[in-house]
Amino acid sequence: MASSAGLSLCGQVLVVRGGSRFLATSFAQSGDDSLFRYDCSAAEKKPQDNKGEDGQPVEKGSDMILASTFSESGRYFALTDDNKRLILFRTNPWQCLSVRTVVRRCTALAFTASEEKVLVADKSGDVYSFSVSEPQGHGTLELGHLSMLLDVAVSPDDRYVFTADRDEKIRVSWLAAPHSIESFCLGHTEFVSRLFVVPDQPGLLLSTSGDATLRLWEYRRGRELHRCLLTSLQEPGESQGEKRFAVSRITYCRQDSCVALLCDSFPVIYIFQLDAPQRQLVYKQKLTFQHRVWDVAFEETQGLWVLQDSRDAPLVLCRPVRGQWEPVPEDHTLKKVCGDLRGNWAMLEGSAGAGDSFSSLYKATFDNMTSYLQRKEERLQQQLRKRQRWESPQPGPNGHTKKRKSDEVPLGC
């Protein structure tokens, strides 16, 4: 999976990543003192004599950041790159605490609610935990799937860990004993791209998939409560072409129970309202942008930050106006953050040409029955032609037809 630019927001701190670098900026501060820059290419390298399971040298990565996340309080920030490193930071003030090696390239990260551990999901289907209080400690294998993991999440009470894989499964396991499975949330027909545990509604889980659906679950029972087909939200006459609706981000605003979805490779954001008493999602509106949208994130107060492929306007801030979300005029905070990004635009230039990051995950379809029936028809026609030649022999050299003996039978196929 390719990784485009990403956006993370916690409290007054916003992080934008692209390629091997990220930039952290604070809304509350101004000037260079509010900026923290980090480049994974300058991080500690692991030994070069490491070999894979087949005994061949491990391919060297490009230091590209694959996943990143804040802890719940915003005190910690973690990222992984394609050189199989987990890098942990303290955010106030910013300081790199550790650079640790992971077994496989990672696809998703999640801190536990207690902020004691960071969970790392990888491409081979395993989840490892790494201590936060002991930044140099080795990882511990917690659980595994038989296929690639695409996301991992933890419940607000630290009781459950949620894992989503390429084979349409969502597993709900006990965090204290991950071998104990509470339930499976089954129903998606393609890979599960994203998970989101609703923080202020105990027992509710949101999921998205390559099957173009957003689903609401009662996760302890593995029961689907509501389903929304994203393709049904298109305007009349609107065509999606060959693109598919795979959601790359779910973000949530507690203040008004608002859910925003970003579909990979589409310059649109879908807005829903979570009606918790009725256990359903209510579609509200679609925000359309002129440039490709890389990522979105809600702030604590009603504000939706949008990171897009535009050097002139890298960030757009949307707020509800008379019940509809709209871009707001460029205020002081937005001007400051956009100015910081313009000055560091080089880190995002590599993301401009990044394609659909989920295209390789769709199931390949093979019409075996059609080819089987075609081959069968060819065999039957071949047998029919042989039978016709036997029953109607050709004339001999003198013009007489050779008579077949009564006991003479044709050879079978």
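Visitor: In this predicted model, are Asp-340 and Lys-336 buried or exposed?
Guide: The model is a predicted one, and in it the side chains of Asp-340 and Lys-336 come together in a salt bridge, with 3.2 Å from N to O. Both residues belong to helix 1, which runs over residues 332–342, and they stand four residues apart, or about one turn of the helix. As for their surroundings, Asp-340 and Lys-336 are both buried.

Visitor: Which helix holds Cys-338, and how is that residue placed?
Guide: Cys-338 is buried, because its relative accessible area is 0%, under the 20% that marks the limit for a buried residue. Its C-alpha atom is separated by 6.2 Å from that of Pro-314, although the two residues are 24 residues apart along the chain. The element that contains Cys-338 is helix 1.

Visitor: How many disulfides does the structure hold?
Guide: Two cysteine sulfur atoms would have to lie within 2.5 Å of each other to count. The sulfur of Cys-96 has its closest cysteine sulfur in Cys-40, and at 9.1 Å that is too far for a bond. For Cys-258 the closest cysteine sulfur is the one in Cys-253, at 6.5 Å, which is again too far for a bond. By this rule, the count of disulfides is zero.

Visitor: Which of the two residues is buried, Cys-96 or Cys-258?
Guide: Cys-96 has a relative accessibility of 32%, so it counts as partly exposed. For the other residue the relative accessible area is 2%, and the buried one is therefore Cys-258.

Visitor: How many residues apart in the chain are Asp-63 and Arg-85?
Guide: The side chains of Asp-63 and Arg-85 meet in a salt bridge, with 2.7 Å from N to O. Asp-63 sits in the loop between strand 4 (35–39) and strand 5 (65–70), while Arg-85 belongs to strand 7, residues 85–91. Both partners are buried. The salt bridge thus links distant parts of the chain, with a separation of 22 residues.

Visitor: Which residues make up the network of salt bridges that includes Arg-227?
Guide: By the rule for such pairs, the structure has 14 salt bridges. One of them joins Arg-227 to Glu-224, with the closest N and O atoms 2.9 Å apart. Arg-227 is partly exposed, because its relative accessibility is 49%, and Glu-224 is likewise partly exposed, with a relative accessible area of 26%. The linked members of the network are Asp-211, Arg-215, Glu-224 and Arg-227.

Visitor: Is the ring pair of Phe-196 and Tyr-252 stacked or tilted?
Guide: The structure holds 23 aromatic pairs. In the pair of Phe-196 and Tyr-252, the ring centres are 5.8 Å apart and the planes stand at 45°, so this pair is tilted.

Visitor: Which strands hold Phe-196 and Tyr-252?
Guide: Both Phe-196 and Tyr-252 are buried. The pair links distant parts of the chain, 56 residues apart, with the two rings in strand 17 (residues 192–197) and strand 21 (residues 247–253).

Visitor: Is the ring pair of Phe-245 and Phe-266 stacked or tilted?
Guide: Phe-245 is buried, with a relative accessible area of 2%, and Phe-266 is buried too, with 11%. Their ring centres are 4.8 Å apart and the planes lie at 25°, so the pair is stacked.

Visitor: How many residues apart in sequence are the parts tied together by Phe-245 and Phe-266?
Guide: Phe-245 lies in the loop between strand 20 (223–229) and strand 21. Phe-266 lies in the loop between strand 22 (258–263) and strand 23 (268–275), so the parts that the pair ties together are apart in sequence by 21 residues.

Visitor: Which strand gives the largest share of the largest nonpolar core?
Guide: The largest nonpolar core has 24 residues, and those touching the most other members are Leu-206, Leu-230, Val-259, Leu-261, Tyr-270, Phe-272 and Leu-281. Among the elements that give two or more residues to this core are strand 18 (204–209) and strand 19 (213–218). The largest share, four residues, comes from strand 23.

Visitor: What accessible area do Ile-181, Phe-184 and Leu-186 have together?
Guide: Phe-184 is placed in strand 16, residues 181–185, and counts as partly exposed because its relative accessible area is 34%. With Ile-181 and Leu-186, Phe-184 forms a nonpolar patch on the surface, and their accessible area together is about 260 Å².

Definitions and conventions: Residues are numbered from 1 along each chain as its sequence is written. This is a predicted model: local features need pLDDT of at least 70, side-chain atom pairs count only at pLDDT 80 or more; totals for chains, interfaces and linings use all residues. Side-chain values use heavy atoms; hydrogens and water are left out. Buried means under 20% relative accessible area, exposed over 50%, partly exposed in between (1.4 Å probe, protein chains only). A salt bridge is a side-chain nitrogen of Lys or Arg within 4 Å of a carboxyl oxygen of Asp or Glu. Rings of Phe, Tyr and Trp (its six-membered ring) pair if their centres lie within 6.5 Å; planes under 30 degrees apart count as stacked, over 60 as edge-to-face and the rest as tilted. Patches are made of residues with over 30% relative accessible area and no salt bridge: like charges are joined within 9 Å, nonpolar side chains (Val, Leu, Ile, Met, Phe, Trp, Tyr) within 5 Å. Accessible areas come from the Shrake-Rupley method with a 1.4 Å probe; for residues, only the protein chains shown count as cover. A nonpolar core is a set of buried Ala, Val, Leu, Ile, Met, Phe, Trp, Tyr and Cys residues joined through side-chain atoms within 4.5 Å.
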